[in-house]
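Subject: Structure handover

Hello,

Please find the structure below, followed by notes on what was found in it.

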Amino acid sequence: MTSPTSAQQLNLRGPLNDQFLTQNQPRGLPPAGRFGTSGLSPLNRTPGALPPPVAPATGIPNPAYQPASPGALPDDPNALNTAPADGTGQLDAAGNPAQAGTAGTNGLGAAQAADPFANQAAPATRRRPVATGTNLPNAAEAGQRGRNDATAAQDGEPDRTTTRRNAARRPGTPAAAEAEPELDRNIRTGTIDAADRGPLDPRADRTAAIEGGVVRREDTPYAPLGIKLGSFTLRPSLEQGVLATSNADNSALGRSATISQSTLRLNATSDWATNSAVIDGDLNYRKTLSGQEVKEWRGRLDGTLNVDLDHDWRAIATLGFETAPEGATSPEGVPGAITQPQRKTFEGSLALQKEIGKLRLGLTGAAERSIFGDATLGDGTIQSQETRNSTLYTTTLRGGYQISPALTPFAEVEIGRRAFDETADLNGYERSSKRLGIRGGVELDLGEKLNGEMSVGWLRQSFDDSRLLPVSGATVAADFRWSPVRGTIVGLNGETILEDTTTPGQSGSVLYTSGLTLERQMRANLTGNAALGLSYRDYKGTGDHDLIYSAQVGATWWLNRYLGLTSYVRHERMTSSIENRDSKTNSVYLGLTVQR
């Protein structure tokens, strides 16, 4: 039941001035500044004692205490022990309804209530039973109670703990037994990792690993890892195999043989940030195990250096070396020789390229040195080939316009000279000559899908000896790489070569070569390859010609990253208008490759 406001407040409103307080101060009260002048009881007053009687203030009626509800008791039933006021709802000391005019526990009687603005004495607290293990309050309740007590003390209310300690004890009761045990009212703060030490929820999901789930598979798990050497990565490989062939030297009179074939390959690539360098090489040794005697060395080494210069200039330098015996299909093969002369070729070039907007300019200077060894005839005679040693110098100027990043048409002009070490050959002909060529083509760059270039033109070579007719003809050159689908690479290459000869009265020939290759990665460790080759040789001034074509199918199966099996089947045929030059060769090869 909600009590009315009049039951909780006096009828005074607003502040009082000093004059009013002086006129209405009760007579006989001690002066201000002493205990009792303001109606405040000392802190050490005996609990339960009544405050000194205070006369009613003059002019201010003192209404009788009216409870908020019937049977309600004041906070301190002993504060007023005089006769109750007349009215219903009053109780005596025993808690029974009091008669009118008698003293009750909540009646005012003759004595008036203390100053309403003065603090009342704290009621005597009831003793509580000693807490045991079953009714011991928990830490949270104890802490809350301690905070409430502290708050009450700050608000001016009596300290309950102090009141209990100052309360009178029964005679004969020791202080230790009378005193209530102290409780630890401090709440212990949990540790930071308290939540982590708790039991795990079996329903909670397990956190995934930091490095992710499935490990990504390598695109080329059987590719060589290479060997770090300074700023280069070396990828060497060694292949040893056996070749069974129907024609050991690819000649018209060649016989079958079983040949041991060893090949050492090397690739080195730089790890530079801007510039680049690449070195490729291979060395092949063939030795007959049975059949027609064959013993020969073949080798090749190429290096390319690509350097970026200032102002959009680029320099590309190349060096190369190749050694191989003169082939039976060469027009310069020595008839009846047991061993053909070994040919060594040294090449070098330097190119400067410049980009001006969409204009592409290039200037290339190149030199090629050819040296021929001796040939051994059937009767053991050694025939020198020094008269064939020569050096070819060429300069090429190239200009192109980039229509789009993928398409750049170009045109180039080539001038050069071939100089023989000896002014005249064994037959007295001066074979040194001048060269002039012009070509036009297009360069494609579609990334890994398609890249390369193709050109067509005309090339002419005139000799210092007027008895020799100039050699000229159309030229075709191509070098493309196309990847229609992932794991498949199609290559197309073509070249036009002017060949010299030592045949008396003849100027030479023009050789057109082309090749189509296909490489397919059927599995991560299985790669298949196929190749088709076609060559045509035109002998100038005689009307003779040679036609050479070849086909090959092979595969490489990698047992692991370092060891693989290689095999191929090859067929080659040459038909010629010249007598005793036709030949046919079938070969089967099986080898073991070790790479790093």
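Arg-467 lies over the face of the Tyr-429 ring, 4.2 Å from the ring centre. Please keep in mind that this is a predicted model. A second arginine is placed over a ring as well: the charged end of Arg-398 sits over Phe-410, at 3.5 Å from the ring centre.

Next, the aromatic pairs. The count for the model comes to 4 aromatic pairs. One of them is formed by Phe-232 and Trp-272, with 5.6 Å from centre to centre and 75° between the planes. That pair is edge-to-face, because an angle over 60 degrees falls in that class. Phe-232 belongs to strand β2, which covers residues 232-245. Trp-272 is in the loop between β3 (257-270) and β4 (276-291). The two residues are 40 apart in the chain, and their pair links distant parts of it. Trp-272 has a relative accessibility of 34%, so this residue counts as partly exposed.

Tyr-285 and Trp-297 also pair. Their ring centres are 4.5 Å apart and their planes meet at 40°, so the pair is tilted. An angle of 40° is neither under 30 degrees, as stacked would need, nor over 60, as edge-to-face would need. Tyr-285 is in strand β4 and Trp-297 in strand β5, which runs over residues 295-308. These two residues are 12 apart, and this pair too is one that links distant parts of the chain. Both residues are partly exposed: Tyr-285 has a relative accessibility of 22%, and for Trp-297 the value is 45%.

The last topic is the backbone. Most residues other than glycine have a negative phi. Asn-250 is not a glycine, yet its phi is positive, near 60°. Asn-250 lies in the loop between β2 and β3. Its relative accessible area is 27%, so Asn-250 is partly exposed.

Asp-312 is another such residue, with a positive phi of about 60° although it is not a glycine. Asp-312 is in the loop between β5 and β6, the latter spanning 313-325. Is Asp-312 buried or exposed? Asp-312 is exposed, because its relative accessible area of 54% is over the 50% cut-off.

When you open the model, Arg-467 over Tyr-429 and the pair of Phe-232 with Trp-272 can serve as starting points for viewing.

Regards

Note on methods:
Residues numbered from 1 in each chain as written. Predicted model: local features only at pLDDT ≥ 70, side-chain atom pairs only at ≥ 80, totals over all residues. Heavy atoms only, no water. Phe/Tyr/Trp six-rings, centres within 6.5 Å; stacked < 30°, edge-to-face > 60°. Helix = DSSP H or I, 4+ residues; strand = E, 2+ residues; numbered from the N terminus. Buried < 20%, exposed > 50% of the residue type's maximum accessible area, 1.4 Å probe, protein only. Lys NZ or Arg CZ within 6 Å of the ring centre and 35° of its normal.
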